[in-house]
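User: I'm new to reading protein models, and I'd like a close look at one buried spot and what sits around it. Could you walk me through it?

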Amino acid sequence: MFVRAYLRASTSEQDASRARDALEQFAANHGQHIACEYLENESGAKADRPELLHLLKDAKKGDVLLVESIDRLSRLPADDWQKLKTAIDSKGLRIVALDLPTSHQGIADTKGDEFTNRMLAAINSMLVDMMAAIARKDYEQRRERQAQGIKKAKEEGRYKGRPVDVDLHKRVRELLAAGLGVRATARHAGCSTTTVLKIRDQAAA
């Protein structure tokens with residue numbers, strides 16, 4: 001069984017590798033190990049995430065897509081989620097999420113009867129869809145609250161925008177100056193490739 005772990009955080013300030021230990025322990029508890037890891041700092045509301053697309057390109061039928069929770073995989077609108085889920089299904093990937101017990105059968109070497117296996121797969125698919133819908137709703141509600149907070153702060157003259165992460169900018173510039181490429185810099189700095197490009201362009205301006 002080939003287990004592919006997908007770890008995601010929304011911003012460069014967050015640690016996308018935070019769940020690594022939990023994923024590795026989960027795999028070990030089921031007699032497996034993580035064969036390949038895909039780590040990125042991108043919004044789950046984006047469909048074109050480089051590492052996720054990389055994972056889908058690499059995947060083979062029967063592989064396990066292991067995530068901490070469904071919201072790490074998707075906070076997409078319904079149509080985009082269905083496209084992603086179709087892509088996952090077409091590759092023959094089995095989604096396993098730590099917080100979704102019905103999905104755990106996907107990483108276990110169980111040999112139940114075909115009817116039971118199909119019933120469990122159908123139930124799990126329904127629950128995955130439900131969790132993806134909840135993740136999207138949570139994303140939209142947080143965005144709405146954030147927009148309301150910014151509007152109020154602007155009206156009161158308190159809004160100053162997001163502060164610059166000076167240490168991150170320095171680290172990225174040092175890695176680029178050392179000759180590392182954009183993706184390697186993003187990996188070592190723990191940020192997205194978009195952030196690296198932004199910092200690089202600012203430094204060149």
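**A close look at R4**

Analyst: Let's start with one pair: the side chain of R4 makes a polar contact with the side chain of Y38, at 2.7 Å. Keep in mind that this is a predicted model. R4 belongs to strand β1, which covers residues 3-9. Is R4 buried or exposed? R4 has a relative accessibility of 5%, and buried means under 20%, so R4 counts as buried.

Who are the neighbours? Setting aside residues within four places in sequence, R4 touches C36, Y38, L55, D58, A59, K60, D63, V64, L65 and L66.

One of those names, L65, leads us to the largest nonpolar core. That core has 21 residues, and L65 is listed with Y6, L73, W81, I88 and I95 as having the most contacts inside it. Several elements feed this core: α2 (50-58), β3 (64-67), α3 (70-73), α4 (78-90), β4 (94-97) and α5 (114-155) each supply at least two of its residues. Another core, of 11 residues, lies apart from it, with V3, A5, L23 and A27 among its members.

Now go back to the 21-residue core and pick out I95. Not counting residues up to four places away in sequence, I95 is in contact with L65, I70, L73, W81, I88, S103, N124 and V128. So if you click on L65, you'll find R4 among its contacts and I95 as well.

How values were computed:
Residues numbered from 1 in each chain as written. Predicted model: local features only at pLDDT ≥ 70, side-chain atom pairs only at ≥ 80, totals over all residues. Heavy atoms only, no water. Core = buried A, V, L, I, M, F, W, Y, C linked by side-chain atoms within 4.5 Å. Buried < 20%, exposed > 50% of the residue type's maximum accessible area, 1.4 Å probe, protein only. Helix = DSSP H or I, 4+ residues; strand = E, 2+ residues; numbered from the N terminus. Contact = heavy atoms within 4.5 Å. Polar contact = N/O pair within 3.5 Å; in protein donor to acceptor, adjacent residues only side chain to side chain.
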